[in-house]
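Biologist: Before we discuss the terms, could you put the sequence and the structure in front of us?

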Amino acid sequence: MKNSYLFLAAALLVSTSACDTARQTQENEAQMASSVTGERTGPTPSGAVMSKDGLRVYAFDDSPAYPESQLRLNSPAAGSTVPAGAVEFSYDLSNFQLTRMTSHSNSGHMANSEKGQHIHNIVDNQPYTAHYETEFTKELAEGDHVVLSFLSRSYHESLKHKGAYDLRMITVGRPQQRMEFDMNAPHMFYSRPKDTYTGADAERVMLDFYLVNTELSPTGNKVRATINNTVFTLDRWLPYIIEGMPMGENTIKLELIDNAGTVIPGPFNTVTRTFTLSENS
């Protein structure tokens, strides 16, 4: 009788172990399948995928939103005059952690900063500088300057809600000529693509821009994006993915236009940038 109990216990143990092994194997296979699926799809398209001349362009909106994140530039103060040279910038931010990697699968499917989340600082719509601390200095030439700052995910996608950006004018030194800039007019600022993309980062490139005092819609203002002479019309303020660009130098021209296709007046509402794609780093 004792031997029978021992046999039944051993059989039950083997059966339970086999079930656990099978379940773990199924879970691992499911995780692997999910991982493979994620690698193939990347950011989830929001709306139609626009295809033209071998290019694919689509919006996405599945990144973490961080609606409570706030950013404010303390200094230089709006409208202030500071000495020419190294200008000191200081920010207050809340509900947002600089240097943290944005926790989302999108970080694995496009160029991602190894240093984590950061602030984009754009002066006069020139290429931005990325900053991972709330205080830094930046060389600025003598003159009036428009400074746009906004919070960025680790893969350089901007936070677009009210409170996540700061726009102001400052004066550096004693300029002979002054800049006229209407803070209440519609404005567009360029953010990405930028610099060089290599390897897998070159397969899927994010287009991101920043709007102030305007919205986009199918019946209102839009952004006309000319990618290597191929035109796409963007009617939603979202980040966009571009696929199918050739290796080497590429060019993007952005224009903020009204519903009739006319460029809206503004010093930065037409901008052209070049960047490079490379198969190898």
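Modeller: Contact here means that heavy atoms lie within 4.5 Å, and I should add that this is a predicted model.

Biologist: With that cut-off, which residues does Phe189 touch, leaving aside residues up to four places away in sequence?

Modeller: Phe189 touches Asn125, Val146, Leu148, Leu167, Phe181, Phe209, Tyr210, Val212 and Phe268, so each of these has heavy atoms within 4.5 Å of heavy atoms of Phe189.

Biologist: What makes the set around Phe89 and Phe189 a nonpolar core?

Modeller: A nonpolar core is a set of buried residues of the nonpolar kinds, Phe among them, joined through side-chain atoms within 4.5 Å, and buried means under 20% relative accessible area. The largest such core has 30 residues, and Phe89 and Phe189 are those with the most contacts inside it. Among the elements that give two or more residues to this core are strand E3 (70–75), strand E5 (85–94) and E13, while the largest share, five residues, comes from E9. Apart from this core lies another, of 29 residues, including Ala111, Leu211, Leu234 and Leu254.

Biologist: How do you know that strand E13 and strand E16 pair?

Modeller: Pairing requires at least two bridges between two strands, and four bridges join E13 (residues 204–212) to E16 (residues 240–243), so the two count as paired, and they run antiparallel. Arg204 stands opposite Glu243 in E16.

Biologist: Why are E1 and E11 called edge strands?

Modeller: In the open, antiparallel sheet of five strands the order is E1-E2-E16-E13-E11, and strand E1 (50–52) and strand E11 (187–192) each pair on one side only. The twist averages 20° from one strand to the next.

How values were computed
Residues are numbered from 1 along each chain as its sequence is written. This is a predicted model: local features need pLDDT of at least 70, side-chain atom pairs count only at pLDDT 80 or more; totals for chains, interfaces and linings use all residues. Side-chain values use heavy atoms; hydrogens and water are left out. Axes are lines fitted to C-alpha atoms, for helices over the stretch in contact, and angles run from 0 to 180 degrees between N-to-C directions. Buried means under 20% relative accessible area, exposed over 50%, partly exposed in between (1.4 Å probe, protein chains only).
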